[in-house]
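Student: I should like to take a close look at one part of this structure, namely its aromatic pairs and the residues that form them. Please then set that part beside the other elements of the chain.

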Amino acid sequence: MSVALILPLYLAMPLLAQAASVDGVRMWAGPDDTRLVFDISGPVDHSIFMLRSPDRVVLDLKNARLKQAPHGLDFRNSLVSDLRSATRNGDDLRLVLDLKTKVRPKSFLLKPTQQYGHRLVIDLQNLSAEPAAKVVTRTMPTAPSGAPRDVIIAIDAGHGGEDPGASGQHGTREKEVVLAIARRLAELVEKEPGMKPLMIRDGDYYLGLRKRMQMARDRQADLFISIHADAFRDGRASGASVYVLSQNGATSEAAQWLARSENDADLIGGVSLDDKDDLLRSVLLDLSQNATIAASLDVGGSVLKELGRVGKVHKHRVEQAGFVVLKSPDIPSILVETGYISNKREERNLRDRNYQHKLALAMLKGVRRYFTHNAPPGTRLALAEQEHVIRPGETLGGIAAQYQVSQLALRSANRLSTSQIKIGQILRIPTL
């Protein structure tokens with residue numbers, strides 16, 4: 001063979017060696033979106049586009065091959081009905097996602113971590129699930145016909161899907177244990193008079209941190225609880241912790257809020273910012289954030305005290321940090337580190353169903369104690385703590401109608417043998 005023929009083959013060898021391989025595919029389906037993660041041997045040039053009639057997403061990978069056909073994918077609850085592949089232009093790989101509905105696709109590459117190698121991520125957002133208006137206003141929630149409403153507790157299980165969180169020495173994954181604890185807390189809140197749970201993540205899928213916060217605001221939650229399990233390089237570290245937003249975190253968040261001109265329709269503590277000048281907007285936001293942080297410290301302290309009755313706490317005070325999920329300016333928010341999953345004993349505890357229940361019950365008790373003295377106006381819990389001073393001309397029946405309770409319940413709560421009341425007498429309004 002001549003040198004002229006050998007030289008082109010020699011030069012082509014590095015190019016052939018650089019061909020990427022798709023080694024596996026994983027998929028997670030959330031309520032409004034689906035994420036697919038392709039494990040790849042290295043960085044790869046790719047393009048993504050949509051085709052209609054029928055709807056499908058096409059993913060082209062340059063100089064790549066599929067190591068093996070995807071298997072084990074459960075399409076039942078996803079936005080995808082099938083995944084097909086074919087070779088394109090001899091060296092390229094084409095992947096086609098057949099869709100159940102219209103979506104907005106997004107792709108990005110991830111570098112290797114301790115747990116994973118190179119990855120190509122495809123996020124599919126369900127367009128039919130998007131609200132008609134992009135700007136969401138937060139107003140005080142009301143129950144039908146002006147009736148008192150339940151206090152809404154947003155419960156956020158950290159991590160999920162492609163993000164497993166921390167891992168214990170025996171393979172326990174944070175995303176799984178915190179979801180189990182979150183579900184137990186939701187069950188307890190559901191049974192609590194005057195409260196209603198809102199699960200932010202209720203399955204093995206990933207949610208962006210700001211989306212978690214926004215979901216709580218969209219549903220007008222009164223409290224946000226994010227549940228996690230800590231980890232540290234020293235396996236001796238142990239104990240539960242409670243965090244709220246730091247002042248530095250609040251300051252950086254305020255700057256972002258005030259910098260978004262299209263965000264002015266959002267309400268801060270029930271006050272619209274869109275018709276205020278820059279100075280007044282800044283002052284109003286600062287006041288709202290300070291009040292929210294103060295409330296977060298109160299409820300956080302109450303929860304930490306109850307966690308201390310279950311097991312060891314890492315520090316005997318509420319700590320402050322700039323966690324994104326705590327940055328809602330008008331919802332008291334706490335992050336609970338239920339224990340150190342990197343500690344053998346605590347990893348074992350976190351896997352135990354009885355211990356998970358104890359943790360959830362401790363959080364509920366702390367929340368209950370806080371709202372006993374800080375119930376939002378218009379809620380059933382607020383009515384439960386109200387007292388009424390009888391004025392001239394009032395009757396027991398009229399007072400019962402005012403607070404939407406029965407006369408029997410009113411008499412029972414105040415140990416009245418008859419319907420007779422006196423001016424100046426103080427009546428306790430019972431829980432509905």
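Tutor: Tyr-243 counts as buried because its relative accessibility is 14%, which is below the 20% limit for that class. In this predicted model, the count of aromatic pairs comes to two. One of them joins Tyr-243 to Phe-323 in an edge-to-face arrangement, with 5.3 Å from centre to centre and 85° between the planes. Tyr-243 belongs to strand E13 (residues 241-245), whereas Phe-323 sits in the loop between strand E16 (319-321) and strand E17 (333-340), so the pair ties together parts that are 80 residues apart in sequence. Phe-323 has a relative accessible area of 30% and is therefore partly exposed. Another aromatic pair is formed by Tyr-370 and Phe-371: the ring centres lie 5.0 Å apart and the planes stand at 75°, so this pair is edge-to-face. Tyr-370 and Phe-371 are both buried.

Beside these rings one may set a polar residue, Ser-21, which lies in strand E1 (residues 20-29). Ser-21 counts as buried because its relative accessibility is 8%. The side chain of Ser-21 makes a polar contact of 2.8 Å with the side chain of Asp-23. Leaving aside residues up to four places away in sequence, Ser-21 touches Asp-39, Ile-40, Ser-41 and Arg-65.

Next comes a sheet. Strands of a sheet pair through backbone hydrogen bonds, in either a parallel or an antiparallel sense. Here four strands make up an open sheet with antiparallel pairing, in the order E3-E4-E7-E6. Strand E3 (46-51) and strand E6 (80-88) occupy the edges and have a single partner strand each, so one side of each is left without a neighbour in the sheet. On average, neighbouring strands of this sheet are turned by 20° against each other, direction ignored. Within the sheet, strand E4 (residues 56-61) pairs with strand E7 (residues 92-99) in the antiparallel sense over six bridges. Asp-60 has Arg-94 in E7 as its bridge partner.

The last element to consider is a helix. Helix H2 (residues 174-191) contains 18 residues and spans 26 Å from its first C-alpha to its last, close to the 26 Å expected at 1.5 Å a residue. Helix H2 is mostly covered, since 13 of its 18 residues are buried.

Notes:
Residues numbered from 1 in each chain as written. Predicted model: local features only at pLDDT ≥ 70, side-chain atom pairs only at ≥ 80, totals over all residues. Heavy atoms only, no water. Helix = DSSP H or I, 4+ residues; strand = E, 2+ residues; numbered from the N terminus. Buried < 20%, exposed > 50% of the residue type's maximum accessible area, 1.4 Å probe, protein only. Polar contact = N/O pair within 3.5 Å; in protein donor to acceptor, adjacent residues only side chain to side chain. Contact = heavy atoms within 4.5 Å. Pairing = 2+ DSSP bridges. Axes fitted to C-alpha atoms, helices over the stretch in contact; angles between N-to-C directions. Expected span 1.5 Å × (residues − 1). Phe/Tyr/Trp six-rings, centres within 6.5 Å; stacked < 30°, edge-to-face > 60°.
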